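User: Hi, I have a structure open here and would like some help reading it. Could we go through it together, step by step?
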Amino acid sequence: MPSSPLLPACLVSVLLAAAPASAQMANTPGKPAAERASPDKAVPLSKGEIQLSFAPVVKRAAPSVVNVYASHVEKRSARSNAMEEFMRRFFGEDRPGRGPSGLPGERAQRSLGSGVIVDGSGLVITNNHVIENMNEVKVALADKREFEAQIVLRDPRTDLAVLKIKGPADIASMPIGDSDHLEVGDFVMAIGNPFGVGQTVTQGIVSALARTQVGSSDYQFFIQTDAAINPGNSGGALVDLKGHLVGINTAIYSQSGGSHGIGFAIPASMVRAVVETAKSGGSLVRRPWLGARVQGVTPDIAESVGLDRPTGVLVASMQAKSPAEEAGLKRGDVILTVDGQTVEDPEAFGYRYALKGISGTADFGILRGTKRQTVQIKLGPAPETRPRDSLKVRTRTPFAGATFVNTSPAVGEELQADLPDEGVAVTTVEDGSLAGRAGFRKGDVIVAINGMPIASTKDLERVTQRNLGLWEVAINRGGEVLTSVFGG
């Protein structure tokens with residue numbers, strides 16, 4: 001089966017990278033079906049039961065699903081080139097180069113998606129890619145009222161964002177359900193605004209749980225459904241038969257861009273964590289730091305440690321003075337559970353641990369040698385061990401257009417990279433900049449320039465003030481040191 005593109009379910013021009021079909025089809029549920037069975041679920045036994053309607057559920061849930069219209073309005077110079085001016089004269093008021101007001105001094109980009117009201121105060125959860133790079137957002141309710149909305153939280157790592165409607169506080173909200181109790185075969189409905197035609201409802205089943213390698217966020221742990229999800233559904237609701245939110249629709253697996261019955265939703269457990277952060281006034285979702293690097297358990301590793309199948313994650317290394325080291329974890333330990341919940345692979349482990357918050361403790365069920373035991377991990381955020389001292393290089397050097405910060409565990413967590421205790425890490429690289437053309441990437445660590453060690457952004461600033469003829473730059477990229485030479 002050939003690879004197919006994985007697409008965000010909204011009208012934006014960004015295509016998400018496709019994973020191999022074989023990887024997409026790997027089903028790794030968190031618990032055996034027998035353990036997750038719920039006594040209140042039953043197969044239809046008669047024709048009358050099959051003819052029952054989902055309308056009561058839709059009536060409860062649909063008013064909480066909204067359309068999200070986002071735009072980025074960029075002020076431009078009054079002067080423009082001849083071709084652009086010709087295009088303005090040729091087309092009507094909505095011609096290229098004009099903003100929402102039609103003024104030639106504005107340029108607008110737009111995106112369309114869906115969202116879900118999750119709190120009566122007007123909090124709306126949607127996908128981050130729906131409002132990414134946007135600075136103006138409007139929300140249209142199911143009853144066609146429209147309100148401006150404020151972006152209160154963006155969380156690119158989960159591809160979630162929270163908006164606050166600037167309007168009445170008496171609007172219907174949808175309860176957030178428990179996605180951990182979903183089972184393959186459960187009925188679900190997808191509610192959103194596909195193709196911008198207005199609110200629609202599609203029905204299907206949960207076709208898989210704990211999907212990984214989907215590629216639309218850092219935390220790979222998705223609900224898969226065959227309920228039709230199409231462009232514009234991004235940020236919309238995946239709803240159970242109680243009318244509770246069990247997921248946020250985020251991507252589709254498709255060759256044509258339309259629904260082929262393989263859609264993905266972010267589980268409600270992760271949604272709840274992001275919403276709670278917004279409710280508490282936070283603008284950044286803080287997650288617990290472990291301070292250890294883990295890897296998947298291969299069949300060979302499973303056999304060597306006495307497991308009957310590959311499951312869990314292997315502790316490959318630890319940082320000094322980290323929660324992992326202080327709890328007594330050791331290199332070679334296999335983590336099998338987090339607070340009793342099975343973790344099948346690094347993606348499932350990262351998801352489960354991220355939900356634990358930054359206070360209290362978590363119990364890891366581990367295998368050490370041939371013995372199973374429990375290790376208690378103290379939860380807390382990654383520390384900022386030294387000031388970031390952010391530096392954006394503007395001098396005409398190979399580093400121009402990139403932003404650098406001093407490394408620390410907190411920076412490493414944000415960049416999802418193993419960083420050294422001392423060094424300077426790249427956090428952003430502007431498109432088309434000298435740094436971008438030189439090949440610098442987010443997460444790179446500058447080790448040395450012309451043989452001079454770079455331990456801090458102050459070291460880098462001093463070096464970039466010089467007019468050097470050649471720049472020999474040593475970069476730590478994913479643990480491998482690369483050396484490149486650039487002209488002055």
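**Reading the model together**

Analyst: Let us begin with one residue, Asp 333, which is buried with a relative accessible area of 2%. Please keep in mind throughout that this is a predicted model.

User: Which residue does the side chain of Asp 333 meet in a salt bridge?

Analyst: The partner is Arg 368, and the N to O distance between the two side chains is 2.8 Å. The pair links distant parts of the chain, since Arg 368 belongs to strand S18 (residues 361–368) while Asp 333 sits in the loop between helix H9 (323–327) and strand S16 (334–338), 35 residues apart. Arg 368 is partly exposed, with a relative accessible area of 24%.

User: How many salt bridges does a search of the whole structure find?

Analyst: The search finds 13 salt bridges. One of them joins Asp 155 and Arg 287, whose closest N and O atoms are 2.4 Å apart. Here too distant parts of the chain are linked, with Asp 155 in strand S6 and Arg 287 in the loop between H7 and strand S14 (292–296), 132 residues apart. Both Asp 155 and Arg 287 are buried.

User: And what about Arg 309, which residue does that one form a salt bridge with?

Analyst: Arg 309 forms a salt bridge with Glu 344, and their closest N and O atoms are 3.0 Å apart. Arg 309 is in the loop between helix H8 (299–305) and strand S15 (313–318), whereas Glu 344 is in the loop between S17 and helix H10 (346–354), so the pair ties together parts that lie 35 residues apart in sequence.

User: Are those two buried or partly exposed?

Analyst: Arg 309 is partly exposed, at a relative accessible area of 41%, while Glu 344 counts as buried because its relative accessibility is 16%, which is under the 20% cut-off.

User: Changing topic, where does UniProt place the "active site" feature?

Analyst: The unreviewed UniProt entry places that feature at His 129, Asp 159 and Ser 234. These residues span 106 residues in sequence, yet no two of their C-alpha atoms are more than 10.3 Å apart, so they gather at one spot.

User: Where do His 129 and Ser 234 lie?

Analyst: His 129 lies in helix H6 (residues 128–131), and with 13% relative accessibility it counts as buried. Ser 234 lies in the loop between strand S10 (222–225) and strand S11 (237–239), and Ser 234 is also buried, with a relative accessible area of 0%.

User: You mentioned S6 earlier; in what sense do S5 and S6 pair?

Analyst: Strand S5 (residues 136–140) and strand S6 (residues 146–155) pair in the antiparallel sense over four bridges, and Ala 140 stands opposite Glu 146 in S6. The hairpin has five residues between the strands, and in this hairpin Lys 144 takes a positive phi near 80°.

User: And H7, how many residues does that helix have?

Analyst: Helix H7 (residues 268–279) has 12 residues and reaches 16 Å from its first C-alpha to its last, close to the 16 Å expected for it. Its buried residues include Met 270, Val 271, Val 274 and Val 275. Just after H7, Gly 281 takes a positive phi of about 90°.

User: Last one, how many helices and strands does the chain have?

Analyst: The chain has 13 helices and 26 strands, and 48% of its 488 residues count as buried.

Technical notes: Residues numbered from 1 in each chain as written. Predicted model: local features only at pLDDT ≥ 70, side-chain atom pairs only at ≥ 80, totals over all residues. Heavy atoms only, no water. UniProt positions renumbered as here; feature names shortened; annotations may be inferred. Helix = DSSP H or I, 4+ residues; strand = E, 2+ residues; numbered from the N terminus. Buried < 20%, exposed > 50% of the residue type's maximum accessible area, 1.4 Å probe, protein only. Pairing = 2+ DSSP bridges. Expected span 1.5 Å × (residues − 1). Salt bridge = Lys/Arg side-chain N within 4 Å of Asp/Glu carboxyl O.
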